[in-house]
Every structure is written in C-alpha cells, then in structure tokens.
Amino acid sequence: MKVLFVSAEVTPFAKVGGLADVAGSLPKALHHFGLDIRVLMPKYPSVLQVVENPSRAVDACAVPMPGWTSGCALDEALIPDSEVPIYFVEHNQYFWREGVYGPPGGAYSDNLERLSFLCRAALAVLEPLGWQPDVIHLNDWHTALIAPLVKQRRLPMATVFTAHNLGGAYQGQFPRDVAWVAGVDESDPCTSKYLTSEGINLARCGLACADKISTVSPTYAREVLDPVVGGGVSDLIRARADDVRGILNGIDYDFWNPSIDEALDEVDGYAKFDVANKEGKKRCKAALQAEMGLPIEPDTPIIAMVTRLDDQKGLDLAEAVLPRVQEVQWVILGSGALKYEAFFRDEASRSANVAVYLGFNERLAHRIYAGADLFLMPSRYEPCGLGQMIALRYGTVPVVRATGGLADTVHEGGECPNGFVFEDYTAEALQAALERALQAYRDPDTWARLVDNAMNCDFSWRASAREYIQLYEEARAHRKAALQ
Ligand code: ADP
C-alpha cells in the first residue's frame, strides 16, 4: 500500500509540539510493516539545519490556486535513521519564515492561504513525481483541505484525517471574507458543514470530508462526543461515529531511549541508563540540578514540566500548587503565553528551588526527562499527550489529570501502577495527587517498583501502527464505494 503522510511539522525538521513527534515516528513504524509511505511538509529554514543539501525531486511544478496559478519546487531526503522518504515543498514566500504557524505566541495573517497552498501542492507534485498514493493521511486542520480537493477532482485515493487536537484554538477557523482562498466547491452540500456565513472551520472540513477519521487516544475519541469537550465539532463526530477511531499515539523508542540518548552527554555529567541499571539516572539528576542552578541534593524530589505554556495544559493549577508544595525542586521548560512565562520567571527569582528555562530546547527536554523524579501534566484536556509517555520511558513518574490519553496511559491503581492520577480539575485534587506521589517517593521500595513499572511500559508504535493500517484499508474501501 502506498501512503502519503502530510504534516505541517515533522521531527526533527520542524517541531512545535507532539504532532511533529508523531509525524516523524509513525511513518517509520508503518514502513517497518512494509508500506511504501512518504512524508510531505513545507521547506522551512530549519529543514536545512538537519539536511544541508537535500536533493531536488521536482524542479518546478504549477500549483493551481483559486483564481491564479502559483508554483513550487520539491526537495527530497530520508527521515533520519530510516528509509522513509520525506518531501519538502519549497515556496519561499509562504514557508521561508522562522515560525511554523507564526512568530512566538502568534499566528501569521496569511495562514489560510499558505496552508491552502500546501494542500494543493501536495496533490500537484504527484504527477511529476510519478507516484500515486492509495491513501493520503492528513494531520490536523493544516492539511484538511486535501480531503475536499480529492473529492472535487474525483481523484481515486482515499483520505484519512487525524485530529491531534480539537480544542477551539486548534480548529483552523478563519473569517468568511478570507475563506475564498480555500477554494472549496460551495455547490457541494458537504461544504455547508464547514463553511458558513460566519467563516470556515478546517477541522470540521477534515471531519466532514475525509473517508475515515482518527483521533489520538480512545478516551479522547469518546470525550469529544460531548459538546463541552468537543466544542464546535462534536455534532460531526457523532454523525460520523462509524468512521471514527481512537488510536493511541506511540513514541519513537529509538529517539527516546535513555540507554543511547546523545543528549545525556557525560561531558556535562549526564549518563545513559536503562531499567536494569539505573545508576545513570542518579547522575542525570545531579547533572540537571547543576545545569539548572539548583542545589545538588540527591534526596530532594524534582518535579518537572516540559510543555507549551497554554491554558490547555492546566498551568493555572500548577501556578496555584507550586508555592504550596514544600521540600521539592521544580524544573520548568516551556514557552507560550506571556502570563505563564511571567509567573514562572518570578517564582524562579524568588525561590532557589525553582528553575525555569523559557523557550524551546530539545536537548534540555531530554535531560529533564532523564534527571527529574516526577513529571507533571495537570491538563484541562489532553488528546493524547506524549510527555507522560516519554517520562515513563526515562523512569520519571507522571502525575496527571485523568483526561484523554493521560487516562489511557497512566494508572495509579491496578496490577501495574505507573503514576499518580487525579480527576477533578482543581488545585486541591492536584495537590493531593502530588502529596501521594511524594509519600511514595519517600519509601525507597515503593518508589523503585514504580520506576520499574514506568520503564517497563510499552508505548512504542507497534500496536497502534497496525490499527492505522486497518484504518487505511477501510478508507480505501470507503473511497472505492464512493466512486462507484
Ligand atoms: P502538545 O502536542 O499538546 O504540545 P504533547 O505532550 O503531545 O503536547 O507533546 C509535546 C512534545 O513537545 C513533547 O515531545 C515535548 O517534549 C515537546 N516540548 C514541549 N515544549 C517543549 C520545549 N519548550 N522545549 C522542548 N520540547 C518541548
């Protein structure tokens, strides 16, 4: 089966959040199952920091836009440590910018036009490439317009739309006066599901038009049926219930691997480790304390967060609880909303036990996952969440709210407890969970068992990749029936 996987961000070429991790790792897992899968993304300046000289796959290709013709070139490389080809769509006016979606904390004003272009270019380059996929896998609203374009042009390939985040701010909503640049067919009755007198909603476009739909955990797939969680899209998810799957994300077990992680550099005092020999984790803790300017105290627990600083992530709860929890150290790595940046900056200047790095730093993220004891994700909602899975892999015990993928991956009770979980979205519930975690930390046997359980979890892609292959097959059958 041939699959084109389209994403606005792909690790390691450009990353804003978990979508990039998924786009950089799921195709590798699918390739292992024998799929001819290729990835396509825009050519941002950051691409050239990973591949200095990508080869040219297509010199020039006309890209029809609504009312004019634009053009692109296409570069090609392999995703590192894999045989998976990745194509980079070159259009300097749209993509030669520092940000993926906008400057820090903002959005580019022409995002609808640049992403409409990306979708059209993804289809236009297939002929000059001489390669036609059976399935195009669309990721989030950025790539959703491919689904109606395939239908309008009666192309044979099927489409699968994966919703990585359906929160109101992540639906790709644009006002009516600019919606023309999406170039969708207003005479198609389906268009009214996502284009109204108020504007266009591209998440709804993907949900309405793709042959099959997935979201990134079974619990989130159920949660978005509720209008309060799935605000603005739950009606469509209900209407298409037979076509929707909740498939849990995995993480790349080669990239996130404490026994070979190059970020755990001995020169800086870090060390590699695994579940059979966790000595290195102690060294990582001391090295992290030194790097972050914290007192080097092996017995003081470190609570860490590596996160976008966004309301979704439960940061108001973290703000309320941080000053209340004593005799711990905090390490925060994040960037985003200025109100949260200011809060953490102030706390760091007030307390010797709070260390904060504001910005995006992949290497430091690895070091925090390795050196911390507890990993905090008190999310308001969380479609899947990768941070908790990465933390588990590095023996850092997660404390999470029971929502979406966090509920599917972290268990406080049962046969194999691997973390601490709270239900109510309140500071009291979070504080109580943290206190349970700190109590466990103080008992070495309990803690050692928890860390072992954490490191023995398997959140690699193996199982979920199979589910995607099944979904691709179903999408092909759906498309075939629609064309008959
Ligand atoms: P989301 O996709 O909502 O941002 P996830 O938990 O699914 O949340 O994925 C977040 C990914 O982004 C993880 O790989 C995490 O390590 C990474 N990340 C988040 N913020 C930063 C940051 N400031 N620096 C480095 N990596 C970060």
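A polar contact is a pair of N or O atoms within 3.5 Å; within protein, one atom must be able to donate a hydrogen and the other to accept it, and residues adjacent in sequence count only if both atoms are side-chain atoms. The structure is a predicted model, in which local features need pLDDT of at least 70 and side-chain atom pairs count only at pLDDT 80 or more, while totals for chains, interfaces and linings use all residues. Residues are numbered from 1 along each chain as its sequence is written, and side-chain values use heavy atoms, with hydrogens and water left out.

**Exercise 1. Describe how the chain is divided and how the two domains meet.**

Step 1. Domain 1 covers 2-250 + 462-483, and domain 2 covers 266-456; these bounds come from an automatic or database domain assignment.

Step 2. Between the C-alpha centres of domain 1 and domain 2 there are 32 Å. The contact (heavy atoms within 4.5 Å) takes 18 residues from domain 1 and 17 residues from domain 2.

Step 3. The size of an interface is often given as the accessible area lost when the parts come together. Here the buried area (accessible area, 1.4 Å probe, that two parts lose on being put together, summed over both) is about 1300 Å², and carbon and sulfur atoms give 59% of that.

**Exercise 2. List the polar links between domain 1 and domain 2.**

Step 1. Eight residue pairs are in polar contact, both residues at pLDDT 80 or more.

Step 2. Helix 1 (18-32) and helix 8 (218-223) are the elements that give two or more residues to the side of domain 1 that touches domain 2. Helices (H or I, at least four residues) and strands (E, at least two) are DSSP runs, numbered from the N terminus.

Step 3. The count of salt bridges (a side-chain nitrogen of Lys or Arg within 4 Å of a carboxyl oxygen of Asp or Glu) between the domains is one. Lys15 forms a salt bridge with Glu362, with 3.5 Å between the closest N and O atoms.

**Exercise 3. Find polar atoms beside oxygen atoms of the ligand.**

Step 1. A polar side-chain atom of Lys15 is 2.9 Å from a ligand oxygen atom.

Step 2. For Asp21, an N or O atom in the side chain is 2.7 Å from an oxygen atom of the ligand.

Step 3. Leu386 has a polar backbone atom 2.9 Å from an oxygen atom of the ligand.

**Exercise 4. Locate the cis peptide bond.**

Step 1. Most peptide bonds are trans.

Step 2. The bond joining Thr11 and Pro12 is cis, with omega about 5°.

Step 3. Pro12 sits in the loop between strand 1 (2-6) and helix 1.
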